[in-house]
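Grab a coffee and open the viewer. Here are some exercises to work through, each with a solution you can follow step by step.

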Amino acid sequence: MENVRDIGSSPYSAAPRGDSLRKLRNAEQSDQSKTIANLKFFLSAVIDILTFLVLLLPILAKYVIGIFVSPKKKSITGQLALVTGGANGLGREICLLLAQKGCHVAIADLDMTNGEKTAEDLRQLGVKAKCFKADISSFDSVLGLKKEVESSLGHVDILVNNAGVLPLMSVREGTPEDVKKVLEINLLAHFWTVRAFVDGMIARRRGHIVAVASAAAFLPIGRVCAYIASKYGVRGMMASFHEELFFEGLHNEVFTTTVYPYFMNTRQDLISTLDKIKVLSRVPIFSPKKIARATVNGMLRNQQHVHIPRFMAPMLVQYENIPCEIRRLATRILLRTDLPKLMN
Ligand SMILES: NC(=O)c1ccc[n+]([C@@H]2O[C@H](COP(=O)([O-])OP(=O)(O)OC[C@H]3O[C@@H](n4cnc5c(N)ncnc54)[C@H](O)[C@@H]3O)[C@@H](O)[C@H]2O)c1
């Protein structure tokens, strides 16, 4: 790994340019060997394309079958889930659903009043549950949380990175500390918790990491730059980590699920702001219960991505490829909102 802290301590050394490398290689070859090399290259490319097409068939068949038959849900009875931000909103609903499946729950939150209440509701469902006060934006706090959870409830099998904040803040608003805080809670906390818990999952050959991103991970809405950047970041981090687990042969032991919800009626002040700036007239708003159900079901089916609503997924992933003017027109006319303008 490149030592990032050493960058700039010695002069930059540039790699040879592509052109000069190619000229060097060509100069060493006679005309005849160049033709043979080109032919070999062409043949190997044809063989590779044919191999790809043959191996593609069973993968396509699996996807087609998947459209009609949902994969079986796994059992999580007796496992332990850690839910960040589980005291309120979506996190609380996820905790309740996990407990209904017989899963023990550790809540990590700053709000101990509601956290204790949620834990009590979970215990009523017959599982072990406890709320731990932890600021997940701090790596030290996450390490302390790991120690406490393990000594009182055991090893974490399911990590649900749900806690997040949604300040309506542009690049030019808030102090540098405010911007850092949003990125620390919404993005860096995912690094800290995964770092703290995934090694145990790998050692025990059982684990699942769930990240609550947002539809905003695909929608560059103006005036919420820090939030959008954090959610794009979570999407990228989770996709990259999913690949890493695959290449290390761990993908059938440690699973990842990333969730992309639209607006939910959770925090009162957020909903009042959205209402004030007329976002809610045509934009759908979901109950956290519905989003929690889709999240937990997606996790139980080991789905990598959960889009709510599901039918929006193809549009959402293509959103950035639609020309800007068409996107803005659609938002103004179809959704009757001009978010950045209204927020001024
Ligand atoms: N509400 C929406 O419309 C919406 C839409 C899409 C995605 N999301 C995402 O869903 C997730 C849950 O959102 P919500 O609406 O339920 O939020 P919420 O504000 O209702 O609840 C968030 C919880 O996280 C806790 N929390 C915040 N910072 C913390 C920290 N540093 N350490 C520990 N706990 C902390 C809070 O105390 C709270 O209990 C977030 O990641 C959010 O970005 C929300």
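Two strands count as paired if DSSP finds at least two bridges between them. Keep in mind that this is a predicted model.

**Exercise 1. Work out which strands flank β2 and how they pair with it.**

Step 1: Start with β1 (residues 80-84). It pairs with β2 in the parallel sense, over 5 bridges, so the cut-off of at least two bridges is the one to hold that count against. To find the register, look at Leu82, whose bridge partner in β2 is Ala106.

Step 2: Now turn to β3 (residues 129-133). It runs parallel to β2, joined to it by 5 bridges. Here Ala108 stands opposite Phe132 of β3.

Step 3: Follow the chain between the strands. β1, helix α3 (residues 89-100) and β2 make up a right-handed β-α-β unit. From β2 the chain goes through helix α4 (residues 112-124) to β3, and that crossover is right-handed too.

**Exercise 2. Decide whether strand β2 is buried or exposed.**

Step 1: The cut-off for buried is under 20% relative accessible area. In β2 (residues 104-109), 6 of the 6 residues are buried.

Step 2: Sort the side chains by direction. His104, Ala106 and Ala108 point one way, while Val105, Ile107 and Asp109 point the other, and all of them are buried.

Step 3: Put it together: with 6 of its 6 residues buried, β2 is largely enclosed by the rest of the structure.

**Exercise 3. Lay out the whole sheet and find what packs on it.**

Step 1: Write down the strand order. There are 7 strands in an open sheet, running β3-β2-β1-β4-β5-β6-β7, with parallel pairing.

Step 2: Mark the edges. These are β3 and β7 (305-308), each pairing on one side only. From one strand to the next, the twist averages 15°.

Step 3: Check another pair. β4 (residues 158-161) and β5 (residues 207-212) are parallel over 4 bridges, with Val160 bridged to Val210 of β5.

Step 4: Add the helices. α6 packs on the sheet, touching β1, β4, β5 and β6 (254-261), and its direction makes about 175° with that of β4. Helix α9 (residues 288-300) lies across β4, β5, β6 and β7, at about 160° to β7.

**Exercise 4. Describe how α5 and α6 meet.**

Step 1: Get the geometry. The axes of α5 (residues 139-152) and α6 (residues 176-204) come within 9 Å and cross at roughly 35°. The crossing is right-handed.

Step 2: List the residues. α5 brings Phe139, Val142, Leu143 and Lys146, and α6 brings Trp192, Thr193, Arg195, Ala196 and Phe197.

Step 3: Classify them. You should get 6 nonpolar, 1 polar and 2 charged residues.

**Exercise 5. Look up the backbone oddities at Arg205, Arg223 and Pro309.**

Step 1: Recall the background. Most residues other than glycine have a negative phi, and most peptide bonds are trans.

Step 2: Take Arg205, in the loop between α6 and β5. Its phi is positive, about 55°. At 58% relative accessibility, Arg205 counts as exposed.

Step 3: Go on to Arg223, in the loop between β5 and α7 (225-247). Arg223 also has a positive phi, about 70°, but Arg223 is buried, at 17% relative accessible area.

Step 4: Finish with the peptide bond. Ile308 and Pro309 are joined by a cis bond, with omega about 0°, and Pro309 lies in the loop between β7 and α10 (313-318).

How values were computed
Residues numbered from 1 in each chain as written. Predicted model: local features only at pLDDT ≥ 70, side-chain atom pairs only at ≥ 80, totals over all residues. Heavy atoms only, no water. Axes fitted to C-alpha atoms, helices over the stretch in contact; angles between N-to-C directions. Helix = DSSP H or I, 4+ residues; strand = E, 2+ residues; numbered from the N terminus. Left-handed = near helix turned anticlockwise from the far one by under 90°. Contact = heavy atoms within 4.5 Å. Nonpolar A, V, L, I, M, F, W, Y, C, P; charged D, E, K, R; others polar. Buried < 20%, exposed > 50% of the residue type's maximum accessible area, 1.4 Å probe, protein only. Right-handed = clockwise from strand over helix to strand, strands pointing away.
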